[in-house]
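Reader: I would like a close look at a single part of this model. Please take the aromatic cluster, and then set it in the context of the whole chain.

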Amino acid sequence: MFKLGIALLILVLLFDVSEAATPVARDCHETEKAGEGSWYIGDAAIMGTPIHVELWSETAPRACALIEEVMAEMRRIDALMSPYIETSMLSRLNSLGSSEQVEVGEELYNLIEQSIAFSRLTNGAFDVTYASAGRYYDFRKGERPSDETLRQALAAINYRYLLMNERRHAIRFGHEGVYVDLGGIAKGYAVDRGIRILQQHGVADAMVSAGGDSRIIGDRKGQPWVVGIRHPRAEDANLAVLPLMDVSVSTSGDYERYFERDGVRYHHIIDPTTGDSARDLVSVTILGADATTTDALSTSVFVLGREAGLALIDQLEGIDAIVVDGSGVMHLSASISQMNQNNTVAQVGAK
Ligand code: AMP
Ligand code: MG
């Protein structure tokens, strides 16, 4: 549980840019002996993002088999939910959903249903149909939609256009041009699935992460896990380092995928009301019990901005936020602030 932290969450703020200790590893290997066994890590690139699994096991073959099982699960989810894979069920929905009801299967149906719940919670800031306009950005090529394309696409952004048939696990679009992308929630979901697999095999101490979404269970043989929050303006550096146990942590930043044009940064987190990138914040980190929730909320708070975003988080039990605004100043949700009263957080130079 997130209570975890209360005793352990001592924010260690690094006022200067410092080196993040990112292990450079591939496949599966032992990193450190601990008690009767060792820590093992495995890395892969799946879902267009680095996947990292770290766990304690008594033997190497068991550790590596478990890590491979988690990676296989990530590949399965990617094949089902990627909008870039032509044969995925999500691609099928995107190509047929405007003309017919598409049976997408229980798992994809449920994740879209959960996405809609986050849309309601955030008053539409989180909306997987953002992609009706978002699909016209190409961050690698530095392309954005023309005003006319954007105007038409905006009319197709609305989670209420996802007409859900629960009995058949089928979805139909209530408007032309609706396009769904689960990039704001699917990595968190995949992390939760990975952790579930490890738990089913009796693993007590582990971390699974997919890009900016991580979940940890247990501890490191009596010590907390140490999770670094990436500095939004310095690659390979940490903004803060959090000692944590049994928690999920998701970070959304405007540095993940972006290009600049005339001094304006166009990045991958889109405000559904404008079809333009959200610009109040540069980084949002959410802490909570499960990674599906922290992933969706990190994207949501990024869109909502500092004031509305932190107000939302303060209403949610067991969820916390650390946000960095455009001037590089860090702001904390109420319960982290309280935990942190006696010490460390004064201000941060994140610029
Ligand atoms: P994250 O990786 O969690 O920071 O989320 C960013 C991803 O979420 C983007 O790459 C898009 O795939 C997706 N996304 C962007 N804007 C939104 C939005 N307003 N609602 C839901 N998903 C979004
Ligand atoms: Mg997210």
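Author: What follows starts at the cluster and moves outward to the rest of the chain. The model is a predicted one.

Ring pairs join Tyr 137, Phe 139, Phe 259 and Tyr 266 into a cluster. Take Phe 139 and Phe 259 first. Their rings form a tilted aromatic pair. The centres are 6.0 Å apart, and the planes meet at 40 degrees. That angle counts as tilted because stacked planes are under 30 degrees apart and edge-to-face planes over 60.

Where do the two rings come from? Phe 139 sits in the loop between helix H5 (131–134) and helix H6 (147–154). Phe 259 belongs to strand S13. The pair therefore ties together parts that lie 120 residues apart in sequence. Both residues are under the 20% cut-off for burial. Phe 139 is buried, at 14% relative accessible area. Phe 259 is buried as well, at 7%.

Now follow the strand. S13 (residues 258–261) runs antiparallel to S14 (residues 264–267), and four bridges join them. Tyr 266, in S14, is the bridge partner of Phe 259. Tyr 266 is also a member of the ring cluster. Two residues lie between the strands of this hairpin. One feature of the hairpin is Asp 262, which has a positive phi near 50 degrees.

The cluster is part of a wider set. Five aromatic pairs occur in the structure. Another is formed by Trp 39 and Trp 225, with ring centres 5.3 Å apart. Their planes stand at 80 degrees, so this pair is edge-to-face. It too links distant parts of the chain. Trp 39 is in strand S3 (residues 37–46), and Trp 225 is in strand S10 (residues 225–230). The separation is 186 residues. Trp 39 is buried, at 2% relative accessibility. Trp 225 is buried, also with a value of 2%.

A covalent link comes next. The model has one disulfide. Its partners are Cys 28 and Cys 64, with sulfur atoms 2.0 Å apart. The torsion about the S-S bond is about -75 degrees, so the disulfide is left-handed. Cys 28 lies in strand S2 (residues 27–34) and Cys 64 in helix H2 (residues 60–81), 36 residues apart. Cys 28 is partly exposed, at 22%. Cys 64 is partly exposed, at 25%.

Then there is the metal. The magnesium ion (ligand 2) has as its protein donors Asp 295 (O), Asp 295 (OD), Ser 298 (OG) and Thr 299 (OG1). They lie 2.1 to 2.6 Å from the ion. Along the chain, the donors follow the spacing D-x2-S-T. Asp 295 and Ser 298 are both in helix H8 (residues 291–315), three residues apart, or about one turn of the helix. Asp 295 is buried, at 3%. Ser 298 is buried too, at 0%.

Glu 317 offers a contrast. It is in the loop between H8 and strand S16 (320–325). With a relative accessible area of 78%, Glu 317 is exposed. Its C-alpha atom is 9.8 Å from that of Ser 335, 18 residues away along the chain.

Last, the whole chain. It has nine helices and 17 strands. Of its 351 residues, 54% are buried. Among contacts between residues at least 6 apart in sequence, 60% join residues at least 24 apart. The chain exposes about 16000 Å², and carbon and sulfur atoms supply 47% of that area.

Key: Residues numbered from 1 in each chain as written. Chains lettered and ligands numbered in written order. Predicted model: local features only at pLDDT ≥ 70, side-chain atom pairs only at ≥ 80, totals over all residues. Heavy atoms only, no water. Pairing = 2+ DSSP bridges. Disulfide = S-S within 2.5 Å. Buried < 20%, exposed > 50% of the residue type's maximum accessible area, 1.4 Å probe, protein only. Donors = N, O, S within 2.8 Å, 3.2 Å for Na, K, Ca; no water. Contact = heavy atoms within 4.5 Å. Areas by Shrake-Rupley, 256 points an atom, 1.4 Å probe, with all protein chains shown as cover. Phe/Tyr/Trp six-rings, centres within 6.5 Å; stacked < 30°, edge-to-face > 60°.
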